[in-house]
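The report that follows treats the strand pairing, the cores and a few individual residues in turn. It is written to be read beside the coordinates.

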Amino acid sequence: MLTSPAAYSLVATDLDGTLLRPDDTVSPRSRAALARAASAGARHLIVTGRPVPGIRALLDGLGYEGLVVCGQGAQVYDAGAARMVASAPLDREPAETALGKIEAEVGQVFAAVDQDGPDGLTLIEPGYRMPHPSLPARRIRHRGELWSAPVIKVLIRHPRLSDDELAAAARGAVGDLASVTMAGPGTVELAPHGVDKGTGISRAAALLGLDPAEAVAFGDMPNDLPMFRLCGHGVAMGNAHAELRAEADEVTLTNEEDGVAVVLERLYG
């Protein structure tokens, strides 16, 4: 375990279940701890499964003007300049084929997509239930309408299988058609093959001239595993999924208990 604050030039934080409290706010204590890390010379990098449109208002409220890794690593967005730096869309053909293979394995699933671009929409087909009701989504009439514009990921839900069961079945079914991850309760997702939070943070860190090996990363779900494996020190939240806790370098308190702030206060005095 690294002990010198100077060793961590980058603080990478997930949002949901990590930096954010359940009401989608960042506590005053967490804001102060991030400011303390910045005063010590560390850069803050948000790394989230949410697409860009789902976090712009939140970034404004935080006064955050740096780079953001969004959409499970498919997007890198410059908040200060309000522009997309890079994106990796999921092509329609492999996405539709992957869905077909999953349904051949487990029966009908309900799907949604996050469209590419800073103003992309979240589209949900009949039967799909949003895991975060506060996030905007547009309901469509049939699956074919999901592909009306380029997408960065597909979200799937099953009427009976647990998230872990669905994610495992999807990984076995899709092969190299897509990357499968679990990003939160009710949130199993298909991203472009080879794209994840690890590839996203690699690109963002290179743009910042920083080494991910000198980063401390915070997360709560299996989609944070690629980030933990790349960064120098991985901190799982007290509310984290067991799979992430097993690979973390340490476990902090929950997001409701300001677990991120607790660690940053220790590291940056």
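In this predicted model, strand β1 and strand β12 (residues 215-219) pair in the parallel sense over 4 bridges, and within that pairing V11 stands opposite V216 in β12. β1 (residues 10-13) is also joined to strand β2 (residues 43-47), again by 4 bridges and with the two strands running parallel; here the bridge partner of A12 is L45 in β2. β12 in turn pairs with strand β13 (residues 233-236) in the parallel sense over 4 bridges, with G234 in β13 as the bridge partner of A217.

These pairings belong to an open sheet of 8 strands, whose order is β5-β4-β3-β2-β1-β12-β13-β14 and whose pairing is mixed. The edges are formed by β5 (83-87) and β14 (250-251), each of which has a single partner strand, so one side of each is left without a neighbour in the sheet. Helix α6 (residues 197-208) packs on this sheet, where it touches β1, β2, β3 (67-70), β4 (75-78) and β5; the direction of the helix makes about 165° with that of β3.

In a regular strand the side chains alternate between the two faces of the sheet. β1 can be read in that light: L10 and A12 point one way from the strand, V11 and T13 point the other way, and all of them are buried.

Strand β11 (residues 187-192) has two antiparallel partners, described here one after the other. With strand β9 (residues 151-157), β11 pairs in the antiparallel sense over 3 bridges, and L155 stands opposite E189 in β11. With strand β10 (residues 178-184), the pairing is likewise antiparallel and extends over 6 bridges, M182 having V188 in β11 as its bridge partner. β10 and β11 form a hairpin with 2 residues between the strands, and in this hairpin G186 takes a positive phi near 70°. Of the 6 residues of β11, 6 are buried, so the strand is largely enclosed by the rest of the structure.

How many residues does the largest nonpolar core have? There are 51 residues in this core, and those with the most contacts inside it are V11, L45 and Y268. Helix α9 (residues 259-267) gives the most to the core, with 5 residues. Apart from it lies another core, of 28 residues, which includes A95, L146, V151 and A169. In soluble globular proteins, nonpolar side chains tend to be buried together.

Several individual residues deserve a separate look, beginning with three aspartates in loops.

| Residue | Loop | Relative accessible area |
|---|---|---|
| D24 | between α1 (15-19) and α2 (28-39) | 26%, partly exposed |
| D224 | between β12 and α7 (225-230) | 0%, buried |
| D258 | between β14 and α9 | 8%, buried |

D224 counts as buried because its relative accessible area is 0%. The side chain of D224 reaches the backbone nitrogen of D220 at 2.9 Å. When neighbours within four places in sequence are left aside, D224 is in contact with D14, K197, G219 and L244.

D24 and D258 are of interest for their backbone angles. D24 has a positive phi of about 70° although it is not a glycine, and at 26% relative accessibility D24 is partly exposed. For D258, another residue other than glycine, phi is also positive, with a value near 60°; D258 is, however, buried, with a relative accessible area of 8%.

Which cysteine sulfur is nearest to that of C70? The structure holds 0 disulfides, and C70, which is in none, has as its nearest cysteine sulfur that of C231, 16 Å away. Likewise C231 is in no disulfide, the nearest cysteine sulfur being that of C70 at 16 Å. A disulfide requires the two sulfur atoms to lie within 2.5 Å, so a separation of 16 Å does not qualify. C70 is buried, with a relative accessible area of 0%, and C231, at 7% relative accessibility, also counts as buried, because the cut-off for that class is under 20%.

How values were computed: Residues are numbered from 1 along each chain as its sequence is written. This is a predicted model: local features need pLDDT of at least 70, side-chain atom pairs count only at pLDDT 80 or more; totals for chains, interfaces and linings use all residues. Side-chain values use heavy atoms; hydrogens and water are left out. A nonpolar core is a set of buried Ala, Val, Leu, Ile, Met, Phe, Trp, Tyr and Cys residues joined through side-chain atoms within 4.5 Å. Buried means under 20% relative accessible area, exposed over 50%, partly exposed in between (1.4 Å probe, protein chains only). Two strands pair if DSSP finds at least two bridges between them. A polar contact is a pair of N or O atoms within 3.5 Å; within protein, one must be able to donate a hydrogen and the other to accept it, and residues adjacent in sequence count only if both atoms are side-chain atoms. Contact means heavy atoms within 4.5 Å. Axes are lines fitted to C-alpha atoms, for helices over the stretch in contact, and angles run from 0 to 180 degrees between N-to-C directions.
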